[in-house]
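User: I am new to this structure and would like a close look at the empty spaces inside it. Please describe the cavities, and then whatever else helps to place them.

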Amino acid sequence: MMTRPAINETTTASPNDADERARAVEAQLTDDERFSLVLSILGHTPGSATGGRDPRIPEDLTNMSAGYTPGIPRLGIPAIQSSDASMGITNPGYRPDDEGATAFPALIAMGSSFDPQLVRQVGEAIGREARMRGFNVQLAGGCNLARDPRNGRNFEYFSEDPLLSAVLAAAQVNGIQSQGVVSTLKHYTLNCNETNRHWLDAVIDPDAHRESDLLTFQIAIERSQPGSIMSGYNKINGEYAGGNDHLLNEVLKGAWGYKGYVMSDWGATPEWDFALKGLDQESGAQADTLLWGKEPFTDELRTAYAKGDLPKERLADMVRRILRALFAVGADRWGPAPEVDMAEHNRLALECARRGIVLLENDDVLPLPTERPLKIAVIGGYAQQGIISGTGSGAVAPVGGFAGVIKIGGAGVMGKHRNLFLFPPSPLDELKKAFPKAQFDFDPGYTPAEAALTAKRCDVVIAFAIRVEGEGFDSADLSLPWGQDSVIDAVADANPNTIVVLETGNPVSMPWRNKVKAILQAWYPGQAGAQAIAEVLSGKVNPSGRLPVTFPESLAQHPRPDLPGLGTPWGTPVTIEYNEGAEIGYRWYAKTGAEPMYPFGHGLSYTAFDYRDLHVDGGDTITATFTVTNVGDRAGADVPQLYLTDVAGEARRRLLGFERVELQPGESRELSLTADPRLLARFDGGTGRWHIVAGSSKVAVGTSADELVLEAAVPLSGRHFGP
Ligand code: BGC
């Protein structure tokens, strides 16, 4: 049975006076209590450095968590208990009694939905499932930019674009915090590769950083006021993210006026003086012992305080920020846990999967007819067992358990967490439901020759291809593992009606691309993913996902064809120069003129859309109005995108706005999109302000970053503004 959180009726203040209350409560604390609040330990036994139960975890605490900080009951401060939450409440391993959480699609699939309303609902559901377990802080909100298609954690991030990532991350945070649960945005910042992440120095031009990864956090913070920000493992321009005075004190808390607290990542606090540089809480402290041989916010911080090296006011500030985050969302005033309708959450997971699937190619083969007695070959990808997920701290154990867990393993501390997790139900079973008249033949894709035999005797082939990606690992290249490319190649040779379904966390190379009739990018679509895939293939659902990342033709087009440090042993210092600066993904392709395999924003539909009547207003910013019409013969959703293409004669591609619209056949909708002025500007580190150059700019409305349909020139007033 799950334990319900204690109901705390001792405080009644409204969230609006969170600052005042934090100030008043902090003033009543003893120094011991202050020090206990700035430390969070792994709240589950197996992670403790000594192997046994950490004596600081109370014996009667059953709701084990990723992070635990004792409460202070005399002042109404609840214990702080956190869990990971990007794709649902995580629990594998340390909650044997947990009945399972809703496993939502990966964030990159939610990114493909371009649908902030939906992502907010997912946040609300995650908040409810956190409440029922007593978790009051969620380590959600992954909004690093997908700079590199080899990054093992891109599935935990929304996109390569600052605006899209910020809008969606904020929607998730708002949903979670609406349930009285603090949410985090992470990993601040430039944690864009996993290779030797604890020793990785991410080097970037500081102004370009403000225009990209930092702008993502800035917009997301403005839109959602997250209670906490998690710093990354890596260094940025030579300083660890958690001890980066410039990024934490000057930018986040200074220029942006952020009022919440900064927690470290787990095992990312090597020194006590990170407290002076802006870090407010050490997290997963036993992991610091494992990595650095000490918990700096335990004894060293107290010693520094006793010697006067840590000012009293700074300690008070750290504590006030933590308290404020709890008070602002009402985490200290929980009533009974809300009713949780798991069937409804499953429906939400299904809707997310439907909207996140991207139809990359369709040579007149999809949707497959449901009324004909087709012979369908289903090949590979464990499609007879389940849908795969990403691995690492974000992995969710679903209600009823996994359909299978296959250990993969690997180097470093994350090696033992690298598993192929399979969610039931299986795609094969869902396809049988969607095509009741069809006859199915399954082949595991064990060898190309064997798979080809099955493909040959069927009318159509659905080949599932999987790639397990996850925390702690970057992929060495973009290929599919386990010889799956050869299997697809062989079945496509044997049967021209081959459809490929990709369950991956990143773009993959597709050497067989020109031989197959259709390609579906399903990402890691979560516990309802099998049903959503079957519904898209059968046409019950009209695909509407759009790529939130560019698919390169090959790594030769990428700013870093070779990834520095790849293959070096755990513990090797690595420097990655993000020389593309703010020109990430589609911006890079626009700048270099290289033609990617599939552009950002791309996604096909079973209907067609038309754009007309573009009207653009300039001045301080840009507002574009245009009309979108469903000119096909079925209902469907479109995601028209507004791009900046030129500023005063300088080519510059920026997504300025987007909107997902559901349209019946023949239906039109007028849309109006207004740009955040920072997307029209350059950041000037010298003045700490943004600068828009006066002159004529150009914008375009398109179906992707490369397929621009309507274009217009628009005058912009020159101006400087901050922050
Ligand atoms: C990850 C974080 C996560 C934390 C707690 C770390 O390994 O980088 O994203 O929130 O663990 O599980």
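Analyst: In this predicted model, the count comes to 5 cavities when those of 30 Å³ or more are included.

The largest cavity has a volume of about 140 Å³. Its lining is made up of 19 residues. Nearest the centre of the largest cavity lie Arg147, Pro149, Glu160, His558 and Gly585. Sorted by class, the lining of the largest cavity holds 9 nonpolar, 5 polar and 5 charged residues.

The second largest cavity has a volume of about 80 Å³. For this one, 14 residues form the lining, and those nearest the centre are Met87, Phe104, Ser389, Gly390 and Phe423. The lining of the second largest cavity divides into 10 nonpolar and 4 polar residues, with no charged ones.

Where does the second largest cavity lie with respect to domain 1 and domain 2? Domain 1 covers 9–43 + 63–188 + 200–329, and domain 2 covers 357–541. Both domains give residues to the lining of the second largest cavity, so this cavity lies between them.

Cavities are closed to the probe, whereas pockets are open. Among the pockets, the second largest holds about 600 Å³ of space. Its lining counts 30 residues, and Arg418, Gly472, Phe473, Asp474 and Ser475 are the ones nearest the centre. In the lining of the second largest pocket, 12 residues are nonpolar, 11 are polar and 7 are charged.

Away from the cavities and pockets, one sheet can be described as well. This open sheet has 4 strands in the order β25-β24-β30-β31, and the pairing is antiparallel. Strands β25 (650–658) and β31 (708–716) stand at the edges; each has a single partner strand, so one side of each is left without a neighbour in the sheet. From one strand to the next, the twist averages 25 degrees.

How many bridges join β30 to β31? Strand β30, residues 695–702, is joined to β31 by 8 bridges, and the two strands run antiparallel. Within this part of the sheet, glycine 695 stands opposite leucine 716 in β31.

To return to the request, the model has 5 cavities of 30 Å³ or more. Of these, the largest includes 5 charged residues in its lining, while the lining of the second largest has no charged residues.

How values were computed: Residues numbered from 1 in each chain as written. Predicted model: local features only at pLDDT ≥ 70, side-chain atom pairs only at ≥ 80, totals over all residues. Heavy atoms only, no water. Pairing = 2+ DSSP bridges. Axes fitted to C-alpha atoms, helices over the stretch in contact; angles between N-to-C directions. 1 Å grid on protein atoms, 1.4 Å probe; cavity = no way out; pocket = protein on both sides within 12 Å on 5 of 7 lines; lining within 4 Å. Points joined across faces, edges and corners; volume = space filled by probe spheres on them. Nonpolar A, V, L, I, M, F, W, Y, C, P; charged D, E, K, R; others polar. Domains from an automatic or database assignment.
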